[in-house]
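Trainee: I'm new to this one. Can we go through what the labels rest on?

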Amino acid sequence: MQVKYRSFTPGLNPRRTKLEVPGWGGERQPRKNGSMEQAWHCLPFSEGARYGIELFYPYQQEFRVSVSGGKLVLDGDFGPPPADHGGEWPPFRAFGDLYYTYQLSLDLKVEEGWAIRTEPHPRFYTDPTDTTPLAVPALIRRWWPMIHFLVFKSPPDGKTHVFRLGEPFVQMLVVPEEALFDLVPMPEEEAAERELQSRRIYQSRSTLSAETEWKSATNTVFDGTYRHILGAASEKAKQRR
């Protein structure tokens with residue numbers, strides 16, 4: 001599959017999301033006793049973080065969003081609009097007191113049957129400062145030729161969202177255009193099979209996690225069970241292709 005893009009804002013630099021280590025994904029702490037646990041140690045998070053497309057804040061001017069006394073405050077001096085700029089300026093607008101918008105001027109085109117879903121960038125979940133902007137989920141259909149703006153949730157009172165040059169601020173996922181599934185209880189036979197699988201994994205955990213178990217600085221036990229099973233499942237899938 002190809003995702004085609006055209007951008008009217010230099011510097012957005014759309015790319016497949018990368019888990020930055022060292023960086024927002026954590027420090028280069030080895031998986032061994034005494035290490036401080038890091039977000040990248042969790043394989044489901046790592047795979048989820050790298051699943052989409054990330055965009056980078058393109059402006060030299062730092063932009064700060066805060067809430068004071070229940071009122072939204074947008075703080076950033078963007079100066080006059082750039083030459084040949086055809087959209088709103090500055091690109092940020094208040095959207096009531098609970099939200100604010102950012103005129104993105106980016107067009108992403110996916111293949112038939114697919115759509116673009118906006119999400120918070122994964123660094124939102126690893127940021128101890130709570131300054132990472134919080135993008136509101138939205139589904140953009142394939143036939144819409146312009147993503148005119150993104151909506152962000154305002155920070156809590158007393159907190160500040162900060163947009164800085166070169167920092168990622170949103171992730172976009174390529175998803176099926178329609179969620180064509182039914183949520184149903186699992187049949188007894190299938191549930192019994194899943195339960196048996198889970199028990200086998202539990203009983204084999206000492207073998208599956210051999211030489212990979214370690215205890216973090218906060219006495220949390222980690223091992224490579226999930227990582228080993230994923231590797232085996234991925235290899236099996238390759239052989240079927």
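Mentor: Sure. This is a predicted model, where local features need pLDDT of at least 70 and side-chain atom pairs count only at pLDDT 80 or more, while totals for chains, interfaces and linings use all residues. Residues are numbered from 1 along each chain as its sequence is written, and side-chain values use heavy atoms, leaving out hydrogens and water.

Trainee: Okay, why is Tyr100 called buried?

Mentor: Buried means under 20% relative accessible area, exposed over 50%, and partly exposed in between, using a 1.4 Å probe and protein chains only. Tyr100 comes out at 0%, so it counts as buried. Phe152 is buried too, at 0%.

Trainee: And what makes Tyr100 and Phe152 a stacked pair?

Mentor: Rings of Phe, Tyr and Trp (its six-membered ring) pair if their centres lie within 6.5 Å; planes under 30 degrees apart count as stacked, over 60 as edge-to-face, the rest as tilted. Tyr100 and Phe152 sit 5.4 Å centre to centre with 15° between the planes, so both values meet the rule for a stacked pair.

Trainee: Which parts does that pair tie together?

Mentor: Tyr100 is in strand E7 (residues 99-109) and Phe152 in strand E11 (residues 147-153), so parts 52 residues apart in sequence are tied together. Strands here are DSSP runs of at least two residues, numbered from the N terminus. Ring pairs also link Tyr100 and Phe152 into a cluster with others, including Tyr57, Trp89 and Phe169. The structure holds 22 aromatic pairs.

Trainee: How do you know that E6 and E7 pair?

Mentor: Two strands pair if DSSP finds at least two bridges between them. E6 and E7 have 4 bridges, in the antiparallel sense, so they qualify. Phe92 stands opposite Tyr102 in E7. The two strands form a hairpin with 3 residues between them, and Gly96 in the turn has a positive phi of about 75°.

Trainee: What makes E5 and E12 edge strands?

Mentor: They belong to an open antiparallel sheet of 3 strands, in the order E5-E4-E12. Strand E5 (71-75) and strand E12 (160-163) each have a single partner strand, so one side of each has no neighbour in the sheet. E4 (residues 63-68) and E5 pair over 5 bridges, with Leu74 in E5 as the bridge partner of Val65.

Trainee: What is the order of the sheet with 5 strands?

Mentor: That open sheet runs E2-E3-E13-E8-E10, with antiparallel pairing. Its edge strands are E2 (15-16) and E10 (138-141), each pairing on one side only. Strands E8 (residues 114-119) and E13 (residues 168-176) pair over 6 bridges.
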